[in-house]
Amino acid sequence: MSDSPLVEVKGLHFSRGEKSIFAGVELQIPRGKITAIMGPSGTGKTTLLKLIGGQLTPDVGRVLIDGYDVHALSRKALFTLRRRMGMLFQSGALFSDLSVFENVAFPLRVHTELPEAMVRDLTLMKLQAVGLRGARELMPAELSGGMARRVALARAIALDPDLILYDEPFVGQDPISKGVLVQLIKKLNQALGLTSIVVSHDIQETLSIADYVYVIADGQVMAHGTPDGLDVDDDPRVSQFVHGEPDGPVPFHYPAPEYFDDILNQEGLQ
Amino acid sequence: MIQRVLSLGRRGCDVLEALGRSTLFLAQSAFGVPSREGWYLWLRQMHFVGVLSLAIVMVSGLFIGMVLALQGYTILVDFGAEQALGQMVALSLLRELSPVVAALLFAGRAGSALTAEIGLMKATEQLTSMEMIGVDPLRRIVAPRLWAGFVALPLLTIGFSVVGIYGGYLVGVEWLGVFEGSYWGNMQSSVAFIGDVGNGMIKSMVFALVVTWIAVFQGYDLIPTSEGISRATTRTVVYSSLAVLGLDFVLTAVMFGGFS
């Protein structure tokens, strides 16, 4: 059992309205490892996390977490399964009416019957792990973006989950915060024996911590492998993404009529 | 032409779908055994939607009672019937004005705030993150607010009537010189507890349910952008006002229309 992947995504199809977002995605997330899912903006990476977390339902295909089909579970069973998952949101998504301490203590209070002294100790331990034990009295509005994300991380690991999902953890962070988050994700994964899924388009940071990488574009897995073994030049789209080229298979221009015609065609003005 | 028929049909389906969604939403959030923490959350919301709406509701009640007495007096005095002022003020307030005006004020003061608050929670992913923590936001966020509104508005309506009747007393008795005994005496003999006070309270409970339901549903269902929040807040006030006035007519027809 422990050799089988913790998360399996099988033949996933998903569309929003007319627009197809995923057309047959297959992923296997091994236990105890950091798996990165990368791809250009707008390829539905966050949507993929929401599908794994059971907030969205795929049109076709299955998501298995530790053998449970996420979308076949009852609402109650799904909420029970989610206690074994933590998710770090892009915005942090801290509860704005609770202090830092209460935010981190929230999962403990609602899911356990622990005495207050124990809740306090556990909360302070989690805050210590992200280096914000001293900020416990602050309100979310008083935190910088990087600090808010670290508090959210402490909250996500409050119940010692098996699986943690990071949604764009590095976006909008200064180099110091980025470094801190890279360190934290790696350290927590090792120390707590977590399985991590990092969704990101920050190539350097992500490749430096990932054990395995999936690259997604156009609703499909374009390439996958270990960071060193990832054959980036096999597919032009992957190559463009990894090397950060402005134009290529992913065009610089949004679809438009011919430039020449558009400029010279004055009919629209009359 | 076909296009118009099509879009009409599509709009009809949208309306029906929204109705279904909001009914499911109500059923999922309103019922369930509250935990000890649930009571605490409910109390906090009672403070937010009830206590903080007290000032505006009481002041409006006072003025409406005073205006009612003033207008009523100028009409009644022509017929030498100013002794009936007390019953006129009390009946208009208890049957109509208190439930309706309190509900309209409540929609503006508390309903819009509920929509904006829940909407902003949605926009900042707080609802989603709560779901991922394994806590159902329908039970934790929506249910206490729904029940607080449902309990608070009838209480506010009682306060509105009391203050309004007192306002009528100030103007009618203290200022215009209606005999105090007939103000209270006529009121006592003509107001039926079940027929007038009771029916007014039933109205108020219906309005409370509808206004709070609309407010929390609009907040929960909105498109999480700044434009979406502003639209949903407006919709809350518009829909609840229309629903209150429309339902008031229906309920009045049933209660006092004399069809039986």
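Me: What makes the 2 cavities in this structure count as cavities?

Reply: This is a predicted model, and in it there are 2 cavities of 30 Å³ or more. They are called cavities because a 1.4 Å probe fits inside but cannot get out.

Me: How much space lies in the largest cavity?

Reply: The largest cavity holds about 140 Å³, whereas the second largest has a volume of about 30 Å³.

Me: How do you know which residues line the largest cavity?

Reply: A lining residue has an atom within 4 Å of a cavity point, so the residues that meet this cut-off make up the lining. For the largest cavity there are 17 of them, and Met85(A), Gly86(A), Arg155(A), Ala156(A) and Ile133(B) lie nearest its centre. Strand 6 (85-88) and helix 5 (145-156) of chain A, together with helix 5 (126-133) of chain B, each give two or more residues to this lining. Strand 6 of chain A supplies the largest share, 4 residues.

Me: By class, what does the lining of the largest cavity have?

Reply: The lining of the largest cavity has 11 nonpolar, 3 polar and 3 charged residues. Gly86(A) is among the residues nearest the centre, and Gly counts as polar here.

Me: Why are 3 residues in the lining of the second largest cavity called charged?

Reply: Leu6(A), Ile65(A), Asp66(A), Leu81(A), Arg84(A), Met85(A), Asp162(A) and Leu163(A) line that cavity. Asp and Arg count as charged, so Asp66(A), Arg84(A) and Asp162(A) fall in that class. The other residues of this lining are 5 nonpolar ones, with no polar residue.

Me: Now the cores. Why is the set of 57 residues called a nonpolar core?

Reply: The 57 residues form a nonpolar core because they are buried, belong to the listed nonpolar types and are joined through side-chain atoms within 4.5 Å. Leu85(B) and Tyr183(B) have the most contacts inside this core. Helix 4 (residues 85-123) of chain B gives the largest share, 14 residues. A second, separate core has 32 residues, including Val63(A), Leu78(A), Met87(A) and Phe89(A).

Me: Which residues does Leu85(B) touch?

Reply: Leaving aside residues up to four places away in sequence, Leu85(B) touches Ala69(B), Gly72(B), Tyr73(B), Leu76(B), Gly172(B), Val178(B) and Tyr183(B).

Me: Where in chain B is confidence lowest, and where is it highest?

Reply: Helix 5 of chain B is lowest, with a mean of 86, and helix 3 (residues 54-76) of chain B is highest, at 95. Chain B has a mean pLDDT of 91, with 99% of its residues at 70 or more. For the complex, the predictor gives an ipTM of 0.75 and a pTM of 0.82.

Technical notes: Residues numbered from 1 in each chain as written. Chains lettered and ligands numbered in written order. Predicted model: local features only at pLDDT ≥ 70, side-chain atom pairs only at ≥ 80, totals over all residues. Heavy atoms only, no water. Buried < 20%, exposed > 50% of the residue type's maximum accessible area, 1.4 Å probe, protein only. Contact = heavy atoms within 4.5 Å. 1 Å grid on protein atoms, 1.4 Å probe; cavity = no way out; pocket = protein on both sides within 12 Å on 5 of 7 lines; lining within 4 Å. Points joined across faces, edges and corners; volume = space filled by probe spheres on them. pLDDT = per-residue confidence, 0-100.
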